[in-house]
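Biologist: I'd like a close look at a single part of this protein, taken slowly. Could you pick up one strand and walk me through what surrounds it?

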Amino acid sequence: MSRRWRRILLGATAVLLVVAGGAVAIHRKTTGKLDHGTVFSQTSGDLVVKSGELFSIEVFGYRGAGDNWTMAVPDPDPAVARAAGDEYVGNAGLKDLLGFGGTGNLGTGGHYYFTFRAQGPGRTTITVHVPYRDELGGSFPGGPNETKRQFTVDVR
């Protein structure tokens with residue numbers, strides 16, 4: 001079966017299912033190609049992690065509407081937190097359809113994961129944003145309420 005037909009079948013199946021779920025501030029997640037470690041899904045603020053810990057910042061985005069999140073400059077202090085990768089995981093998995101710990105509801109976009117390895121004690125700032133929306137200022141219909149999110153990471 002072609003990939004296109006699988007998506008069509010998956011979409012048709014999703015129409016038949018009603019899935020309700022809530023967001024969790026901190027959780028573990030392994031969907032996607034990267035190990036995301038401890039995932040922080042809050043919109044901004046302080047994050048506390050242990051030295052050596054793998055952690056990710058999760059941001060919702062609908063790529064079809066241009067919500068392409070990326071890290072803003074300056075990069076975090078590499079002596080405190082070193083980037084370990086990033087990826088976008090679309091909401092199209094079986095877990096999403098059945099409501100068992102998936103990334104959201106089918107057809108509603110997906111999540112970006114910015115993954116880091118805590119290096120040594122200290123504090124640094126990590127900023128992620130939607131570049132073109134951030135530069136234009138403000139939010140847009142169907143887009144994120146915020147176009148920039150800032151986190152202060154405290155490695156202990």
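Modeller: Here is a walk around strand 9, with the rest of the chain as background.

Keep in mind that this is a predicted model. The chain has a mean pLDDT of 75, with 60% of its residues at 70 or more. Two stretches deserve some caution. Residues 12-28 have a pLDDT below 50, and in the model this stretch makes 23 contacts beyond near neighbours in sequence. Residues 101-106 also fall below 50, with 20 contacts of that kind.

Now the general layout. There are three helices and nine strands in the chain, and along the sequence they run α-β-β-β-β-β-β-α-β-β-α-β. So what comes last in that pattern is a strand, right after a helix. Of the 156 residues, 35% count as buried. The chain exposes about 9000 Å², and 55% of that comes from carbon and sulfur atoms. Among contacts with a separation of 6 or more, 69% are between residues 24 or more positions apart.

On to the sheet. Strand 9 covers residues 148-155 and belongs to an open sheet of four strands, in the order 3-9-8-5 and with mixed pairing. The edges are taken by strand 3 (45-49) and strand 5 (70-71); each has a single partner strand, so one side of each has no neighbour in the sheet. Strand 9 itself sits between strand 3 and strand 8 in that order. As a reminder, strands of a sheet pair through backbone hydrogen bonds, in either the parallel or the antiparallel sense.

What does strand 9 do with strand 8? The two pair in the antiparallel sense, over eight bridges. You can pick out the register from a couple of positions: valine 128 stands opposite arginine 149, and isoleucine 126 stands opposite phenylalanine 151. With strand 3, strand 9 pairs in the parallel sense, over five bridges. There, leucine 47 stands opposite valine 153.

Arginine 149 is worth a stop. This residue of strand 9 counts as buried, at 12% relative accessibility. Setting aside neighbours within four places in sequence, arginine 149 is in contact with Thr43, Val59, Trp69, Ile126, Thr127 and Val128. Val128 in that list is also the residue that stands opposite arginine 149 across the strand pair.

Move along strand 9 and you reach aspartate 154, where the charged side chains meet. A search of the whole structure finds two salt bridges, and aspartate 154 takes part in the one with arginine 123, at 4.0 Å from N to O. Arginine 123 lies in strand 8 (residues 122-129) and aspartate 154 in strand 9, so this salt bridge ties together parts 31 residues apart in sequence. The 4.0 Å value is worth a glance, because the cut-off for a salt bridge is within 4 Å. Aspartate 154 also meets arginine 156 in a salt bridge, at 3.1 Å from N to O. The shared partner joins Arg123, Asp154 and Arg156 into one network. The accessibilities make a nice contrast: aspartate 154 is buried, with a relative accessible area of 14%, whereas arginine 123 is exposed at 53% and arginine 156 is exposed at 60%.

For background beyond this strand, have a look at the aromatic rings. The structure holds four aromatic pairs. In one of them, phenylalanine 55 and phenylalanine 116 have ring centres 5.6 Å apart and planes at 25°, so the pair is stacked. This pair links distant parts of the chain, with phenylalanine 55 in strand 4 (residues 54-61) and phenylalanine 116 in strand 7 (residues 110-118), 61 residues apart. Both of these phenylalanines are buried. Tyrosine 112 and phenylalanine 114 make another pair, with centres 6.5 Å apart and planes at 15°, so they are stacked as well. Tyrosine 112 and phenylalanine 114 are both buried too. Ring pairs also link Phe40, Phe55 and Phe116 into a cluster.

Back at strand 9, then, the picture is this: strand 8 pairs with it in the antiparallel sense, strand 3 in the parallel sense, arginine 149 is buried, and aspartate 154 is in one network with Arg123 and Arg156.

Note on methods. Residues numbered from 1 in each chain as written. Predicted model: local features only at pLDDT ≥ 70, side-chain atom pairs only at ≥ 80, totals over all residues. Heavy atoms only, no water. Buried < 20%, exposed > 50% of the residue type's maximum accessible area, 1.4 Å probe, protein only. Contact = heavy atoms within 4.5 Å. Areas by Shrake-Rupley, 256 points an atom, 1.4 Å probe, with all protein chains shown as cover. Pairing = 2+ DSSP bridges. Phe/Tyr/Trp six-rings, centres within 6.5 Å; stacked < 30°, edge-to-face > 60°. pLDDT = per-residue confidence, 0-100.
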